[in-house]
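Here are some comments for you to read beside the structure. Please take them slowly, and look for each strand and residue as it comes up.

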Amino acid sequence: MSATLRTSADEQRTESRPPLLTIGLLSATALAYEILLMRLFSIVQWHHFAYMIISLALLGYGASGTFLAFAQSRLLRNYPLALFVNLTLFALAAMPGFLLAQQLPFNPEQLLWDLRQPLTLMLVYMLLMLPFFFAANAIALTLARYRHAIPHVYGFDLVGAGLGALAIVALLFVLFPLAALTAISVLGLVCIAVAAWELQTPKRRKIAFACALMTVPIIWQGTTSQLEVSAYKDLSQTLRVAGTRIIAERSSPLGLLQVVESPQVPLRHAPGMSVTAKREPPAQLGIFSDAGGMSTIVQDTGEPQALSYLDQLTSALPYHLAEPRRVLILGAGGGMDVLQAHRAGAQLIDAVELNPQLVALVRNDYAEFAGGIYNHPGIRAHVAEARGYVLDRDDRYDLIQLALLDSFSASATGLYALSESYLYTTEALQAFTDRLSDNGYLAITRWIKLPPRDTLKILATAIAALEAAGVEAPEKRLALIRGWQTSTLLIKNGDIAASEVKALQVFCKTRAFDVAWYPGIKSGELNRYNILKAPWYHEAAKALLGPEHEAFVERYKFDIAPASDDRPYFFNFFKWSTLPEIWRLRGQGGIPLIEAGYLVLIATLAQALLASALLIVLPLFAIKRAAQPGEAYISRVRVLAYFAAIGLGFLFLEIAFIQKFMLFLHHPLYAAAVVLAGFLVFAGLGSQRAQRYTQHERYQRGVRFAVAGIVAIGGVYLLLLDPLFALFMSWPTAAKVALSVLLIAPLAFCMGMPFPLALSSLGEHAASLIPWAWGVNGCASVLSAVLATLLAVHFGFTVVVLLALLLYLFVVMVFPAPIGSVART
């Protein structure tokens, strides 16, 4: 392109206004689509596979950079047409992409040994990548077309994305996931009409009419399609039973609830019920969340003996050691633990459940079936996050029950390995024990796994919590029993008395449960009923309570180190040192021992790195792109380093602070929505501010200012955020949300500046590198989500934040300034 043509083009661009509303709406729709895909794949597959699939699909943003590196000049010559084509393809690909992807015969359980599964997975990636590819093309072309207004365009991109995050959360409260997918596809068509209006296209009315016509097949497709749930999920397995059917459905951002009845072959959900039980459970309704993790509504006809099975569970132990009058149930679900406490004679029961729709099902829709359990005068049902409920109140309880709500099948195969849980951390157990009355109990029931994992990790965490609270002899406050399927750990607010030991022995003997630990336990009492090769649980308890406990944890074949708020991955037990041994046993039933969630994370990282190299890095390096006439030469190494560091650093901070604010807001949905939207919206405002630096070509000065703010604010937050949260923990939720937004604003504002400033510098000095920078940043953003989780699993979120701050310092040193000319600073 000659200098004369370039000047003419610049003048024309200065006179035109970028389609800012189009970009904002497109970004909102694309991010809403991304979040919705996570929900959809969490239903039809599992959470960690949804994470993997969507992470790789987002490489569409990176792939668009590769595509535009070859096609930019041709597309920019007819920018309006290129924009309309990409917007149209985005809208038309969104719904078919998911519907086709869920029809492919992908079975993640066979991913490690069936060679067809990786190929099928690649097809899933391609189908889901297309909508993001087209959306990224539209945004990147607009950035390149309006180089003089890059901060404005990028600002609308971020603000739109932030509003999209809030919008999809709100939408999922009123629409089922497939209906929300239909709405997003229609919004994609609205983007086309808005673009025609903003660009003053002569045929804009005809375009709007065509968009209205295209909504008809999209709505038809959405109303005639259904979710194809994996045949291996709990719901699918249950529906194989003759006569079983779904009788009610409720949906929200917290999950898709489906109520199941089985009149021919009655449901009998009684985790770990004693083999000596003489009466089976009464009729039950199953409640499945996202097609897994079944809870039950138990029929209560008023007949006392009908519920006698509840006394045959390991979780009934505390009711035989004392007579707790005030009981707190955390994770009440369908109410089985509430019934257990009520039957045992508790006078006041507080039942805490996160999902309001589940509470409504028990309290209203099936109140008669459940015997009005949530309407009983001595029972109070609370819709709240469990840990937040405890911290927000000063009530004391004789017993706090941490209910067993996760699925046994998913837990046994490591499908929760990447799920953060702030209920099973050292700090959480401290908070729970602080709310116990004198001699009160905290009871935690977990699934039995062999070799032992869950039970040992919660025991190690409990010991760490007691030691952190200053208890000198934790062994005197702990009791552990196990049945054939579940274990129950008791933590007492005081030493366990001899009378309680006697009651425990009687309880276990009459129900054929094994004792694993209590003060003064004798070797002759071990491994009597549910016989193992050795009394592994007792041996582990003894080691964890002994002076060499750290060495035991270190050499144990699974990760049973105490979980903490900084490393809240209680369900991750993976150790690299054990993998070769387990892999050798894969043909002998060893596959369930592999923590699938963690290996999926590693596989996602490997695939993302490979895809990045093939789609982004290698093709762009292969293009021998010397500086074009009229362009300055800028080191491609610096461009790569700068935009990769920005992509990594931004997401590192965003992900880490979502976790930190989750503890403050006590609600995963509120935290994710507030933090994600807050970061994006205020980063968008920061990008708008960056326009002032571009007007005087003081790009590097703007970057130095922004990075100084990021490092200073981030460092202060790292030191003071936790004490600040503790100070305002008792505030109402609305006030805490407002405070969270105020805390996020200055950090996010600064984080929104480095990317548009460097991209504007490229637009001024070497516009041909804009697609590459866009692609590199998109690739790094994908990698950052995977890397942040991996780092947090091993080192904690504090390390993630520190690395992010170092990355921002690094970008100051590698700013891609022109070589051979004096850049203004």
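Which residue of β4 does Gln 284 stand opposite?

1. Please keep in mind throughout that this is a predicted model. The residue in β4 that stands opposite Gln 284 is Val 298, and a second facing pair to look for is Ile 287 with Ser 295, which also belongs to β4.

2. These pairs sit in a wider pattern, since strand β3, residues 284–289, and β4 are joined in the antiparallel sense over five bridges. In general, the strands of a sheet are paired through hydrogen bonds of the backbone, in either a parallel or an antiparallel way. The strands β3 and β4 form a hairpin with two residues between them, and in this hairpin Asp 290 has a positive phi near 55 degrees.

3. Strand β4 covers residues 292–298, and seven of its seven residues are buried, so that the strand is mostly covered. Here "buried" stands for a relative accessible area under 20%.

4. The hairpin strands belong to an open sheet of four strands, which follow the order β1-β2-β3-β4 with antiparallel pairing. Its edge strands are β1, residues 245–252, and β4, each of which pairs on one side only, while the twist from one strand to the next averages 25 degrees.

5. Another open sheet has eight strands in the order β7-β6-β5-β8-β9-β11-β10-β12, and here the pairing is mixed. At its edges are β7 (379–383) and β12 (514–517), each pairing on one side only, and neighbouring strands of this sheet are turned against each other by 20 degrees on average, with direction ignored.

6. Within the eight-stranded sheet, β10 (residues 478–482) and β11 (residues 486–492) run antiparallel and are joined by five bridges, with Leu 478 standing opposite Ile 491 in β11. Helix α18, residues 498–511, lies across β9 (436–447), β10, β11 and β12, and runs at about 5 degrees to β10.

7. How many cavities of 30 Å³ or more does the structure hold? There are seven of them, and the largest cavity contains about 190 Å³ of space. Its lining is made up of 22 residues, and those nearest its centre are His 269, Pro 271, Met 336, Asp 337 and Leu 404. The elements that give two or more residues to this lining are β4, α12 (336–343) and β8 (397–402). Sorted by class, the lining of the largest cavity has 10 nonpolar, 11 polar and one charged residues.

Key. Residues numbered from 1 in each chain as written. Predicted model: local features only at pLDDT ≥ 70, side-chain atom pairs only at ≥ 80, totals over all residues. Heavy atoms only, no water. Buried < 20%, exposed > 50% of the residue type's maximum accessible area, 1.4 Å probe, protein only. Pairing = 2+ DSSP bridges. Axes fitted to C-alpha atoms, helices over the stretch in contact; angles between N-to-C directions. 1 Å grid on protein atoms, 1.4 Å probe; cavity = no way out; pocket = protein on both sides within 12 Å on 5 of 7 lines; lining within 4 Å. Points joined across faces, edges and corners; volume = space filled by probe spheres on them. Nonpolar A, V, L, I, M, F, W, Y, C, P; charged D, E, K, R; others polar. Contact = heavy atoms within 4.5 Å.
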